[in-house]
Amino acid sequence: MDKPEIPQKAPYAVECDPGTYRWCTCGMAKTQPFCDDSHYGTGFEPEIVEITEKKTYYWCGCKHSENKPFCDGTHRKI
């Protein structure tokens, strides 16, 4: 697998508490936008993200953002 799946062409708005999160990079996780280890055997690994402030974050849903793991509007061009 050389390109990620595109689970949705919009960001995932998720209110996150401070902590460590594993953002799905393969697009195959059933727990989008977070990793559920569906990537095994694909060559993809989750991106580890440290959140320090409780607020709503807009996680990339198309997996092509230049500002990974967060949405930058790239999904509008796909």
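**Exercise 1.** Work out what share of the contacts between residues at least 6 apart in sequence joins residues at least 24 apart, and set this beside the overall dimensions of the protein.

*Solution.* Begin with the contacts: in this predicted model, among contacts between residues at least 6 apart in sequence, 56% join residues at least 24 apart. Next, turn to the overall dimensions, where the C-alpha atoms fill a box of roughly 35 × 30 × 20 Å along the principal axes. Then compare the radius of gyration with the expectation for a compact globule: for 78 residues that expectation is near 12 Å, and the protein has 12 Å, so the two agree. Finally, consider burial, for which 40% of the 78 residues count as buried.

**Exercise 2.** State how many helices and strands the protein has, and give the pattern that they follow along the sequence.

*Solution.* Counting the elements gives zero helices and four strands. Reading along the sequence then gives the pattern β-β-β-β.

**Exercise 3.** Find how many aromatic pairs the whole structure holds, and describe the pair formed by Tyr-21 and Phe-34.

*Solution.* A search of the whole structure finds six aromatic pairs. One of them is formed by Tyr-21 and Phe-34, whose rings lie 5.4 Å apart centre to centre with 35° between the planes, and this pair is tilted. To place the two residues, note that Tyr-21 lies in strand β2 (residues 19-23) while Phe-34 lies in the loop between β2 and β3 (47-51), so the pair ties together parts that are 13 residues apart in sequence. As a last step, decide whether each residue is buried: the cut-off is under 20% relative accessible area, and because Tyr-21 has 18%, Tyr-21 is buried; Phe-34, with a relative accessible area of 18%, is buried as well.

**Exercise 4.** Describe the pair of Trp-59 and Phe-70, and then name the aromatic cluster that contains these residues.

*Solution.* Trp-59 and Phe-70 form a tilted aromatic pair, with 5.0 Å from centre to centre and 45° between the planes. The pair links distant parts of the chain, since Trp-59 is in strand β4 (residues 55-59) and Phe-70 is in the segment after β4, 11 residues apart. For accessibility, Trp-59 counts as buried at 0%, whereas Phe-70, with a relative accessible area of 21%, is partly exposed. To finish, gather the rings together: Tyr-21, Phe-34, Tyr-57, Trp-59 and Phe-70 form one aromatic cluster.

How values were computed: Residues numbered from 1 in each chain as written. Predicted model: local features only at pLDDT ≥ 70, side-chain atom pairs only at ≥ 80, totals over all residues. Heavy atoms only, no water. Phe/Tyr/Trp six-rings, centres within 6.5 Å; stacked < 30°, edge-to-face > 60°. Buried < 20%, exposed > 50% of the residue type's maximum accessible area, 1.4 Å probe, protein only. Rg over C-alpha atoms; globule rule 2.2 N^0.38 Å. Contact = heavy atoms within 4.5 Å.
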